[in-house]
Amino acid sequence: MKAVAVLLLTSCAAAAASGAASTLVTRDVYLMGTRARLATAAPTRDQGLATLATALDVLERAEQDLSTWRESSAISGLNRHPVGVPWHAGPTLCRTFDEVWRWHAATGGAFDPAIGRLLAAWDVHGDGAIPAPDVRVRASAASGLALLAFDRTACTLTRRGDVAVDVGAFGKGEALDRVEAALGNVSWMVDLGGQISVGGAGPAEGWTVAIAHPRRRDQPYLHVQLRDGSLATSGGSERDITVDGVRIAHIFDPRTGWPASFDGSVTVWHRRGLAADALSTALFVMGPEEGLPWAESHGFAAIYLIPEGGTVRLAVSRAFRERFGAVQ
Ligand code: AMP
Ligand code: MG
């Protein structure tokens, strides 16, 4: 679904904040195109397994709703819907789209999931291709949320052109928010590879989470303690494609229609999963020069890992330092 630096759960305590004895139960599964890890601290192993089964069910239903890899998903249905004819979103998707529209506006268009045609022209989800100028111009013209009319009251979306929604930058975050809504105050952690959310009365010191090296996503670069909310990373140069010596980033700048030029990674914390997901993509598009001042001015917790020569330079927002303490 999306290519990002992997965040690895490296350790966690098995004692819940309440002090009650608890057992750590984990499950590793493959979903949303990634290796996922689910964990919960529960009074008994059976209770833990039941919690993880609920979470897994929520994630599978979210994938069925959102995945553009599945012909039968709601989003695939929207992308095929006749131009000019309103498409009805169910209440859950209606709320999802409401958030998508808000983050699109809040990021000045740096987050814009209605770029399916642009990504297809560059074959971003395949082997990569440099499109002919006329193909590129046509794909750009068929991209952007402005081509989708969203009626919040009626919960309808109307395609104003041959536009397609790509869920790569918000689907995992949305799925994690749905897990949060389903699990309530039970202690849980879900790592979707690139984005981790935790909830409930978890380990008092938090879950230890690794932020990957910007060039080698399987190599932890630094660790933070995540007590609540969601941590999302955008980057992952390994997933970028090089065609005829030209690097095609898997993240595009919707404001220009060209691949984003930043080649490091950015990790964002937000209480909500969809927000963290959308923000990490938007901050990647902006790059550190534009993105760090923007994050500071909005009070967002973000850290850029910027490869420079053989080393990595960090650019860290105040809100990130306040939440996670000094990094390096
Ligand atoms: P993420 O890993 O969350 O940053 O999401 C990246 C994925 O979102 C890409 O692989 C594309 O599928 C899609 N995408 C690329 N650029 C954008 C963008 N500017 N806004 C929204 N979605 C994007
Ligand atoms: Mg994202």
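# A Guided Tour of the Predicted Model

D277 and T281 are both buried. The model in the viewer is a predicted one, and these two residues are a suitable place to begin.

**Stop 1: the magnesium site.** Select ligand 2 together with D277 and T281. Ligand 2 is a magnesium ion, and its coordinating atoms are the O and OD of D277 and the OG1 of T281, at 2.2 to 2.3 Å. How are D277 and T281 placed relative to each other in helix α7? The helix spans residues 273-298, and D277 and T281 are four residues apart in it, so about one helical turn separates them.

**Stop 2: along helix α7 and across to α3.** Keep α7 displayed and add helix α3. Two packed helices are described by the angle between their axes and the distance between the axes. Here the axes of α3 and α7 are 10 Å apart and make an angle of about 5°. Since angles under 35 degrees count as roughly parallel, α3 is therefore roughly parallel to α7. To display the contact, select T96, E99, V100, W103 and A106 on the α3 side, which meet L274, A275, A278, L279 and W294 of α7.

Before leaving α7, select E290, which also has its place in this helix. Is E290 buried, partly exposed or exposed? Its relative accessibility is 36%, so E290 counts as partly exposed. For a long distance through the model, draw a line from E290 to A149: their C-alpha atoms are separated by 29 Å, and the two residues are 141 residues apart along the chain.

**Stop 3: the loop after α3.** Move to A110, which is found in the loop between α3 and α4. A110 is buried, its relative accessible area being 2%. Select its surroundings next: leaving aside residues up to four places away in sequence, A110 touches P254, R255, A282, V285 and M286. A second distance may be drawn from here to R227, which is 28 Å from A110, C-alpha to C-alpha, and 117 residues from A110 in sequence.

**Stop 4: aromatic pairs.** Colour the rings of Phe, Tyr and Trp. The count of aromatic pairs comes to eleven. One of them is formed by W101 and F150, a tilted pair with 4.9 Å centre to centre and 40° between the planes. Why does this pair tie together parts that are 49 residues apart in sequence? The reason is that W101 lies in helix α3 (residues 91-106), whereas F150 lies in strand β5 (residues 148-151). W101 counts as buried at 14% relative accessibility, and F150 likewise counts as buried, at 12%.

Another pair is that of F262 and Y304, which is edge-to-face, with 5.6 Å centre to centre and 80° between the planes. F262 lies in the loop between β15 (258-259) and β16 (265-270) and Y304 in strand β17 (residues 301-308), so this pair ties together parts that are 42 residues apart in sequence. F262 is buried, with a relative accessible area of 9%; Y304 is buried as well, with a value of 0%.

Return to W101 and add F97 to the selection: ring pairs link F97, W101 and F150 into a cluster.

**Stop 5: a charge over a ring.** Select R323 and W269. The charged end of R323 sits over the ring of W269, at 3.4 Å from the ring centre.

**Stop 6: helix α6.** Select V179, found in helix α6 (residues 171-183). At 0% relative accessibility, V179 counts as buried. Which residues does V179 touch, not counting those up to four places away in sequence? They are A55, V58, L59, W188 and V190. The C-alpha atoms of V179 and I251 are separated by 26 Å, with their positions 72 residues apart along the chain.

**Stop 7: two positive phi values.** Most residues other than glycine have a negative phi. Select M32, whose phi is near 55°, a positive value in a residue other than glycine. M32 lies in the loop between β2 (23-31) and β3 (34-42), and is buried, with a relative accessible area of 2%.

Finish at D123, which has a positive phi of about 50° although it is not a glycine. The loop that holds D123 lies between α4 (116-121) and α5 (133-141). Is D123 buried or partly exposed? With a relative accessible area of 30%, D123 is partly exposed.

Technical notes. Residues numbered from 1 in each chain as written. Chains lettered and ligands numbered in written order. Predicted model: local features only at pLDDT ≥ 70, side-chain atom pairs only at ≥ 80, totals over all residues. Heavy atoms only, no water. Donors = N, O, S within 2.8 Å, 3.2 Å for Na, K, Ca; no water. Buried < 20%, exposed > 50% of the residue type's maximum accessible area, 1.4 Å probe, protein only. Phe/Tyr/Trp six-rings, centres within 6.5 Å; stacked < 30°, edge-to-face > 60°. Lys NZ or Arg CZ within 6 Å of the ring centre and 35° of its normal. Axes fitted to C-alpha atoms, helices over the stretch in contact; angles between N-to-C directions. Parallel < 35°, antiparallel > 145°, perpendicular 65-115°, else oblique. Contact = heavy atoms within 4.5 Å.
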